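Reader: I am new to this structure and would like to understand the words used for it. Could you take me through a few of them?

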Amino acid sequence: MSDWLGHAMASPALVLMLGAALIACLPRWLHGVWLLVIPAAALALLWQLPMGMHGQIGLFGFDLTTLRVDGLSRIWATIFLIGSFLTGLYALHVDDRIQHVSALVYAGAAVGAVLAGDLVTLFIYWEATAIASVFLIWASRTIKAHIVGLRYLVIQVISGLLLMMGTIIHYHATGSIAFDHLGLATPGGWLIFVAFGIKAAFPLLHNWVQDAYPEATVSGTVILSIYTTKLAIYSLARGYAGTEALITIGAVMTIFPIFFAVIENDLRRVLAYSLNNQLGFMVVGIGIGTPLALNGAAAHAFAHILYKGLLFMSMGAVLHRVGTIKASELGGLYKSMPWTAAFCIVGSMSISAFPLFSGFVTKSMILTAAAENHHWIAWLALLVASAGVLDHSGIKVPFFSFFHHDAGFRVREAPLNMLLAMGATAALCIGIGVYPAPLYAILPFDVDYSPYTTAHVVNQLQLLMFAALAFVVLFRSGLYPPEVRGLNLDSDWVYRRLLPRMGRGIHRGVTALRAKIVAGLAQLAGIAQHWLTEAFGTNGAAARTWTSGVMLLWVTALLAAYLLLYY
Amino acid sequence: MSQPDARPGLFERTGVIRTIIALIVLICAGLVVAEFFYAKHPHFGFDGWFAFYPLAGFVAYCFIVLAAKMLRPALRRNEDYYNERDRQALQTPMRDDDHE
């Protein structure tokens, strides 16, 4: 192995970032080639790197390890780079330098973060993902996107600051900045856990995903859906594998976004809720922490990036052609966009975990691990959530956009590059489902797991087909909630409405109190002035003219008192 | 952009829709029959009950959709609830405060 591969410069992350710097100055016609060549080159480099810790550099007096290649980091970096290639293809037609540059810097930062061997390197790349990604939201160039982007950035930076504080406390307590198992035994461990939890969209910390992702550009949303949350999942797997609390957190995460997804009208927001729900499966896997469960989390992240990307791509294509992505406005698009509809259905069947599709061979590892470790509540939650996934991502997204009643849109099919990207992603989804061996081969632990047992296939089909039957029954009987325009309150209401209102209330209260105090003081001053005027004013007692008789009387009285006192 | 079609599309014909529904029902019936023909490996006991997975799928789905439907009146607001809608022209100054 050539020894240059051990240097910090030989980093796939830097390949992407240097590529981004070049795109910033290359002529437009070269962007297309470059968007595909750079991720491919970075992927080739990643697989040339030998296993182990490389890329040691000194910074701020710390010895940083910028390249840690092991089973866990390599599978994550691999799927990030595949994602970068596919989104590059999808965004080929976009004539916007800012989006291309930020997409590559963002991907590079995410790859750098998963390859980071220490917490300081992780922090640097962690913040870089936040800053690079916000431009994909701002690139929508609307006022709303501007506001949403700012809100997104604030939350991402808070996560970064918590990571930094946690790292400092952890370093003082242990003398080490190594990014290995951290656990919740120390305050530093807790701070870092919350930092990861924000980016992993833990319940109640989740809403930045649903707020920000649907406001990004058509390709921006696809790109955003890949990196930040899965980087957090990787970090949890690295630092908190086997932490019991994660099983509960993950189980809640799989269930509660489903209800929002069912009643949400913006289909890209439905997918953002669905993304949240899928992250829950991975978090449960990490909480269980056995080799099978961690393999399941890693495999599910891999498959999830592809099918979730595919679903976002198909909805992006609809938005690109029709101009809206509201379920209440869409319908019947299979006539105009048959290929997009077909690819969307592949994504839907993959996320729903139908046999022969990617979700089936990955999600089942997590469920099996939960069952083998007797976590029956979590297992039931995951089962219910699986039926929920079938509704919002399996049925709702394709049904209300491509089928249902014809909304009358007659548009062209998606651009060729979008179709190619969707086609390639769909092929990967089916490929993994039909032949999972290559994916299993690159998992962090050796697996002896076979998803295609008779019982498993039959049970999964029973679950899904009866859920589909329930949809038919509810829809035909008119019980299925109709798609209507509107916005649903979520936890972001706290910081978008409640806290500003409380702030305004406090401001009003303080202003009123100040006014009262000023009025009270003014009244007191008035009384004092009145009293002084009484005493010393032109008509006051002190300014009165006295008759000499009265004066004589007082002098006589004083002299008498004087005489009395001293005699 | 839109023009009325002379005849309904493939997935709008009642015959096709009926066929799809009939297929789903048939497959479901087949999957219940299949209960008799494979060896179960229950982990908890209850997951080995007859027709556990079909029931779980049907009940869980109905619960999720109907519960969400009941939540909707409490959660749903106007699309411009947060007053962050884009003004038609960017020149129009934004109000930095939403006074109701």
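Author: Gladly; here are some questions about salt bridges and burial, with the reasoning behind each answer. Please keep in mind that this is a predicted model.

Reader: Why is the contact between B:Glu35 and B:Lys40 called a salt bridge?

Author: The rule asks for a side-chain nitrogen of Lys or Arg within 4 Å of a carboxyl oxygen of Asp or Glu. For B:Glu35 and B:Lys40 the N to O distance is 2.7 Å, so the pair meets the rule.

Reader: What makes B:Glu35 count as buried?

Author: Buried means under 20% relative accessible area. B:Glu35 has 7% relative accessibility, so the residue counts as buried.

Reader: And how do you know whether B:Lys40 is buried or partly exposed?

Author: Partly exposed lies between the 20% and 50% limits. B:Lys40 is at 26% relative accessibility and therefore counts as partly exposed.

Reader: Why is the pair A:Arg496 and A:Asp211 said to tie parts together?

Author: Their side chains meet in a salt bridge at 3.5 Å, N to O. A:Arg496 lies in helix 20 of chain A and A:Asp211 in helix 8, so the pair ties together parts that are 285 residues apart in sequence. Both residues are buried.

Reader: Which residue of helix 20 forms a salt bridge with A:Arg496?

Author: That is A:Asp492, with the closest N and O atoms 2.8 Å apart. The two lie four residues apart in helix 20, about one turn of the helix. A:Arg151, A:Asp211, A:Asp492 and A:Arg496 are linked in a network of salt bridges.

Terms used
Residues are numbered from 1 along each chain as its sequence is written. Chains are lettered from A and ligands numbered from 1 in the order in which they are written. This is a predicted model: local features need pLDDT of at least 70, side-chain atom pairs count only at pLDDT 80 or more; totals for chains, interfaces and linings use all residues. Side-chain values use heavy atoms; hydrogens and water are left out. Buried means under 20% relative accessible area, exposed over 50%, partly exposed in between (1.4 Å probe, protein chains only).
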